[in-house]
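Here are some notes for a colleague who is opening this structure for the first time. Please read each point with the model in view.

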Amino acid sequence: MISTPATIRAASVIGLVALSLGLLAQLLFVEAAIGINVPISTAAVLLAGWIVRDSSKPVPRPLDAWFAPGALILSAFVALRGDPMLLALDVLGAMALTGAALASFSGVQVVERSFPAIVALAAHLSRSAFVAGGRPLVALARIVPMLRVSRGGRWTPVARGVLIAAPLVLLFVVLFASADAVFSRLVGDLLDWHLDLGSLPGRLVVAAVTAWLAAGLLFFVSVGEDHVPDADVLEAWERRPRLGATEAVTVLIVLDMLFATFVALQGAYLFGGRDTLAASGLTYAEYARRGFFELLAVALVVGGLTLALETFVRRRTRAYLVGAISLVILTVAVLASALLRLRLYQEAYGWTELRFYVLAAIAWLAIGSLTAVFTLATDRSRWLPHAMLVVSFAFGLAFNLIGPVRLVAERNIERAIHPELVAPGGEFGLDIAYLASLGDDAIPVL
């Protein structure tokens, strides 16, 4: 509850800052291209969070200090790139890092938390944005003088009289207009206004929604650690159900046998060369035209399964560790098969944005698999989600530096100019319609 004068003043400051952010948002995002407005708004939110933070709380820890610069970097790429997919990833990444930065401003440790505690922190931050926004705004309204200039002010009774008279005047105007045609025409001339509101309603909605959300986020920053229910979350987490080591080892052995069989077939046919594959009655195009999406899904499921086993297994025996590490290593071989299939498909049919991101996903999963082997062997698997979030940020930076749309356009034009690059049985020519749909980033290359 906001009750004391000091807390009312502090909350009113948050309300004023939130209203300022709301007014800024409608200027930046109503009838305007996002572009440079995204880094401007990101910087404004971060600055507002720093302004309202409790100065008695410690500054962000070194492990958390990169959130704000990372949010600014990703948001700046929104102004530099024209790839819609990349813009969506940049905006989402900048929003996530901005939220993490605001949490760190309040004195909350972010990176050093366990992953369940990070999820609880994100949920509480979101809840504060949607629910707690009214507190600072109500506090701001409580300090605004309502119909009172000063104690005993001469205009206070007049203001009250006007408020009382207004509905009565309206009632009598309607009655007189109904009774007299001349009076009705006079009223019609006075009220015949042609007011074009234009974008005003939309601007008011954007300003109000932004101010509410900003007030909730800034309220979270100001109260800090005291309102994060870690104790309840961690207590519930400790009471989670457990899986016996024997059951976990059985699951791993069965999956290891299946994966080993699949990898052996890959070694015999896909990795064995064209002659070996031809002996099976299949061509490379028939064999590689499908499969990399399914194998990508396999790797994702294995990653989730590994984290689930590490979370719920009661005891990490040696047999369990051997089975888990073997499954991850076999998954790397599955990813190698997916990579080879994708390369064969690209050689035959060229590059697309989707194939670029599939290739990036294979690389991301390969790095995650190697990281999983290390964390499993050293009993540090609880840090695997943290590591993959950092890897995801690095991939986001790499995407912006590479420019997927530019790369795809360059490779397809290169194939059209040099037909010898097309694999036997592949498609020649240039897909003009597809290149034209790639967006602004492809224009310099075209």
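1. Helix 3 and helix 4 cross in a left-handed sense, and it should be kept in mind throughout that this is a predicted model. The two helices, helix 3 covering residues 67-78 and helix 4 covering residues 84-105, pack at an angle of about 155°, and their axes are 8 Å apart. Because angles over 145 degrees count as roughly antiparallel, helix 3 is described as roughly antiparallel to helix 4.

2. Which residues of helix 3 meet helix 4? On the side of helix 3 they are Phe-67, Ala-68, Gly-70, Ala-71, Leu-74, Ser-75, Phe-77 and Val-78, while the residues they meet in helix 4 include Leu-87, Asp-90, Val-91, Leu-97, Thr-98 and Phe-105. Sorted by character, the residues of this contact comprise 13 nonpolar, five polar and one charged.

3. Thr-98, which belongs to helix 4, deserves a separate look. With a relative accessible area of 9%, Thr-98 is buried, because values under 20% count as such. Apart from neighbours within four places in sequence, Thr-98 is in contact with Thr-42, Val-45, Leu-46 and Ala-71. As for Val-45, the C-alpha atoms of Thr-98 and Val-45 are 8.0 Å apart in space, although 53 residues separate the two in sequence.

4. Two loop residues should be checked for their backbone angles, given that most residues other than glycine have a negative phi. Glu-31, in the loop between helix 1 (5-29) and helix 2 (37-52), has a positive phi near 55°. Is Glu-31 buried or exposed? Its relative accessible area is 67%, so Glu-31 is exposed.

5. The second of these residues is Asp-379, which is found in the loop between helix 16 (353-377) and helix 17 (384-402). Phi of Asp-379 is likewise positive, with a value near 60°, and at 43% relative accessibility Asp-379 counts as partly exposed.

6. Turning to the chain as a whole, its secondary structure comes to 19 helices and zero strands. Of the 446 residues in the chain, 40% are buried, and the surface that the chain exposes comes to about 25200 Å², with carbon and sulfur atoms supplying 70% of that area. Among contacts with a separation of 6 or more, 79% join residues that are 24 or more positions apart, and the contact of Thr-98 with Val-45, residues that are 53 apart in sequence, is one to look at in the model.

Technical notes
Residues are numbered from 1 along each chain as its sequence is written. This is a predicted model: local features need pLDDT of at least 70, side-chain atom pairs count only at pLDDT 80 or more; totals for chains, interfaces and linings use all residues. Side-chain values use heavy atoms; hydrogens and water are left out. Axes are lines fitted to C-alpha atoms, for helices over the stretch in contact, and angles run from 0 to 180 degrees between N-to-C directions. Helices (H or I, at least four residues) and strands (E, at least two) are DSSP runs, numbered from the N terminus. Angles under 35 degrees count as roughly parallel, over 145 as roughly antiparallel, 65 to 115 as roughly perpendicular and the rest as oblique. A crossing is left-handed if the near helix is turned anticlockwise from the far one by less than a right angle, and right-handed if clockwise. Contact means heavy atoms within 4.5 Å. Ala, Val, Leu, Ile, Met, Phe, Trp, Tyr, Cys and Pro count as nonpolar, Asp, Glu, Lys and Arg as charged, and the others, Gly among them, as polar. Buried means under 20% relative accessible area, exposed over 50%, partly exposed in between (1.4 Å probe, protein chains only). Accessible areas come from the Shrake-Rupley method with a 1.4 Å probe; for residues, only the protein chains shown count as cover.
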